[in-house]
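Visitor: Before we begin, could you walk me through this structure by way of a few questions, reasoning each answer out?

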Amino acid sequence: MTGVRSLLSVHSLAGRLFLGELVVVLLLVAAAVAAMVLQARSSADAEARRVTSSVAESFAHAPGTVAALESADPTAALQPQAERVRMTTGVDSVVVFDTSFVQLTSPYPDYLGRPYSPPAEVAQKVLPELRSGRSVTFDLSDHGYRSVATAVPVFGPDGHSKGVVAVNITVGKVNSVVTSHLPVLIGGTAAAVALAAIATALAARRLLRQTHGLGPTELARMYDHHNAVLHAVREGVLIVSDDGRLLLANDEARRLLDLPPDAEQRPVVDLGLDPATTALLTGESGASVGGEVTDVIHRAGDRLLAVNKRPTAPYGGLPGSVVTLRDSTELHELSTRMAAAGQRSRLLHEAGMRIGRTLDMTRTCEELAEVAVDGFADTVAVDLLDEVTQGEDPERAGRRLRRTAVRGAEDPRVAPVGSEVTARDGAAQGGSLTTARAVLAEDGAAVVAPLLVRGLVLGLVEFRRGAGREPFDQDDLVLAEELAARAAVSIDNARRFTREHGLAVALQHSLLPRSLPERTGLEVAYRYLPAHAGVGGDWFDVIGLPGFRTALVVGDVVGHGISAAVAMGRLRTTIRNFSALDLPPEEVLGRLDELVAQLDEEVAGLEIAGSTCVYAVYDPVSGSCVLAGAGHLRPALISPDGTVTYPELPVSPPLGVGGHPFETTELHLPTGSRLVLFTDGLVETRDTDIDVGLTRLRGALAAHADRTPEEICEAVTRTVLVGHPADDVALLVARTSLLAADRVAEWEVPMDPAAVAPVRTACAHQVARWGLEELGFATELILSELITNAIRYGAPPVRVRLLYDTTLVCEVTDASSTAPHLRWAATTDEGGRGIFLVAQLTHRWGTRYTPQGKVIWCEQLPPETPGTPDRPVGLAGLEDLGPVP
């Protein structure tokens, strides 16, 4: 009783302490009660809104809700589900309305099927929001109860409203939590007051012993000085006794070590510290109890502490040690972040220098993987959407990925290149593909970042670290996104190039010959290889001419891309049209040169001037080949004995330059000769001089001189070309032969109308010997008209030649340049119907001009089963008109 009375005395130090602590405890308890009540009320309202909103949204968007609303009996489908949700979540009601606000579900069966008439306030605030397609949460007051409700509209796949889901909960249910906690709070308050009284009494007795009867003033002054010094320092201070108990800890020490409130006077091993920290404080970390430690960096939780430890006994204290702690975490983290930032900066700089050096998607993906494995990850895998690998635009819902590149250490979890990868929901790949953000795997060992460009995901990049490496953190997510973003731009450029390159290749292939025609006296093969970096304008053609002659053409248009393909198509069409006029090669190129110059001036963006071309016409009857070039490389000629030469051609400028005439060279090609026409892409590269390429081509042709044109094409493209061609390559190889002598018959006709009949009869007999009796009558009529016109309107000499191979060709030559024309003769005209008759009886006919005059020719298709031809022989009475050797 004496101790209690002295404790309660306000004149004693202990009594003052007791009253002060009692007041503080009461004030704190009162504040706690008030705060709890206010917080509980606020939390109840927020919780009610959260619960109703989540339940309504989940029910409205649940699979099957739309189908149930569209079913024949929505109530039967939805009522059990609504009641199950209400009972599970604890809400008061889950009501589903149709578009006319008829209740399809209700906790009260009597309300099913009834229309709902909302209060005016609800109708004004809620219904407009629902009609606009937005969810709304609102308060309801009914019969003294306040509740919170959330209404969510339900829409079908077509975007039309199907109904409304409304969820209601009474706020009183949530407020009941506060009432249930009040008895506990009041009891805790009483217990706190009692404990405070007991603790204060014990502290007062101990204080009286330790102060040796010092008065309050002296104690207050001593305490203030001690407290100021202890808590003002920015270092943690701990005093540990020699038996391992914590005697003192200032606020900084408590914060750094996260000590419990009652840490003082407790054994260090009972404070919940990690073993290393406990050993350091108690002296079991390698030094004896009381041993010294100087500026040791020690990790405690997520902090790095600079620790100093000194014994207290030498300085008049009790046996033990004083430990000071200084938080160096920020300094260490700052230096670590600076180092990491420097590393990231270097990595991003290297990525900018190394990624996207080509327009190849696969190589770009490989470059990204190679950069990332240099210090950032152990294994990197790059996956592209299937449509992206084909050069198409990515689909927003696409999930089929193709592994394009893998670099780094082998990992059994990483699929090989070329395999199909599925981005599963719930996995890091699926999350990154859906959110278009970098996603960290649950174990921290992998980061998946999207290849994002213009809001579209092209693919994914997976960065993995093996065992023993630090797991990825949030800073690594940012770096992964930056690396992927830089690579995505280059991949998208490569994708666009791939698509445009594919379009240009398709366009160019559509403009080139799909197949080569079979021509008399020629066996032709070709190769066309588009450039790896872009489609050029190289082209070729094989054009049939009258008299079984054939035009071989190879050309090269300046530039690359679709415009070059379009220009090539125009040139090929134009040269075919000029060839149909059966003009000499020099005139064909001359007219083409004029047209190119005109088009280059008139058509913007179409660069044709500067294009090159070589045009050769081979005659299988005589074996002659007439060539003309426009700035193009000379063709190669393989003689029957295997010798390879580059015949000289007159020097001429490219097409479109103008002002220079084109000249021709005539070659005689024995049977078995091989004429090789090509473009500069075959023999010239950035690293190889054209002379070196021509020498290499000569060697390849000489090594395969006895091969077929198809085999020569294969051998040349395999041995002459090195890697992917940087320019288009067009190669045309033609092996020559002569039309058999027994398929040619020729007569010279005197300038006498009386000579027409004998020649006509001789020709008819020759046609019969070739087994073409069915064409005999038509041939007589045709020759009668053509020879008569040559004698009447032409100039000597007049010659007649018959050629037979795939067709029967009749040619009448004279020295005049006047050509007949097809016209309609009037009923009163006595002539003018001969050429019309020729046109009706033949497959085709035309006029060809020569330096000595002109040739009127016509072709007839032979019967389906022609006879065996015989050699031409002279006819009785026509020895002077016999075949000319």
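Guide: A definition comes before the surface: patches are made of residues with over 30% relative accessible area and no salt bridge, and nonpolar side chains are joined into one when they lie within 5 Å. Please keep in mind throughout that this is a predicted model.

Visitor: Which residues form a nonpolar patch on the surface, with about 340 Å² of accessible area together?

Guide: Two helices, α21 and α22 (834-841), each supply at least two residues of the nonpolar patch. F777, whose place is in helix α21, is exposed, with a relative accessible area of 62%. The patch, with about 340 Å² of accessible area together, is formed by F777, L781, L837 and L841.

Visitor: How far apart are the end C-alpha atoms of helix α21?

Guide: Helix α21 covers residues 776-793, and at 1.5 Å a residue its 18 residues should span 26 Å. The model agrees with that expectation, since the end C-alpha atoms of α21 are 25 Å apart.

Visitor: Which residues of α21 are buried?

Guide: Burial here requires under 20% relative accessible area, a condition that F777 does not meet, because its relative accessible area is 62%. The residues of α21 that are buried are G776, A778, T779, I782, L783, S784, L786, I787, N789, A790 and I791.

Visitor: Turning to the interior, which element gives the most to the largest nonpolar core?

Guide: This core has 44 residues, of which F376, V382, L451, F463 and L483 touch the most other members. At least two residues each come from α11 (329-354), α12 (361-372), β10 (379-385), β11 (400-408), α14 (428-435), β14 (446-453), β15 (456-464) and α15 (474-511). With 9 residues, the element that gives the most to this core is α15.

Visitor: Which residues is V382 in contact with, leaving aside its neighbours within four places in sequence?

Guide: V382 is one of the residues that touch the most other members of the largest nonpolar core. Leaving aside its neighbours within four places in sequence, V382 is in contact with C365, L368, A369, R402, R403, T404, A405, L451, L460 and V461.

Visitor: How many salt bridges does a search of the whole structure find?

Guide: Side chains of opposite charge can pair when their charged atoms come close. A search of the whole structure for such salt bridges finds 47.

Visitor: How far apart are the closest N and O atoms of R86 and E83?

Guide: R86 and E83 both lie in helix α4 (residues 74-89), 3 residues apart, about one turn of the helix. R86 counts as buried because its relative accessible area is 19%, and the cut-off for burial is under 20%. In the salt bridge that R86 forms with E83, the closest N and O atoms are apart by 2.8 Å.

Visitor: How many residues apart are R469 and D378?

Guide: The side chains of R469 and D378 meet in a salt bridge (2.6 Å, N to O). The pair links distant parts of the chain, with R469 in the loop between β15 and α15 and D378 in the loop between α12 and β10, and the two are apart by 91 residues.

Visitor: Is D541, which meets R576 in a salt bridge, buried or exposed?

Guide: The side chains of R576 and D541 meet at 2.8 Å, N to O. Because R576 lies in helix α16 (residues 562-580) and D541 in strand β17 (residues 537-544), the pair ties together parts that are 35 residues apart in sequence. R576 is partly exposed, with a relative accessible area of 34%, whereas D541, with a relative accessible area of 1%, is buried.

Visitor: Where is the place of R454, which has a positive phi although it is not a glycine?

Guide: Most residues other than glycine have a negative phi, and most peptide bonds are trans. The phi of R454 is about 55°, and this residue is partly exposed, with a relative accessible area of 49%. The place of R454 is in the loop between β14 and β15.

Visitor: And where is P797 found?

Guide: The peptide bond from P796 to P797 is cis, with omega near 0°. P797 is found in the loop between α21 and β27 (798-804).

Definitions and conventions
Residues numbered from 1 in each chain as written. Predicted model: local features only at pLDDT ≥ 70, side-chain atom pairs only at ≥ 80, totals over all residues. Heavy atoms only, no water. Core = buried A, V, L, I, M, F, W, Y, C linked by side-chain atoms within 4.5 Å. Buried < 20%, exposed > 50% of the residue type's maximum accessible area, 1.4 Å probe, protein only. Helix = DSSP H or I, 4+ residues; strand = E, 2+ residues; numbered from the N terminus. Contact = heavy atoms within 4.5 Å. Salt bridge = Lys/Arg side-chain N within 4 Å of Asp/Glu carboxyl O. Expected span 1.5 Å × (residues − 1). Patch = residues over 30% accessible without salt bridge, like charges linked within 9 Å, V, L, I, M, F, W, Y side chains within 5 Å. Areas by Shrake-Rupley, 256 points an atom, 1.4 Å probe, with all protein chains shown as cover.
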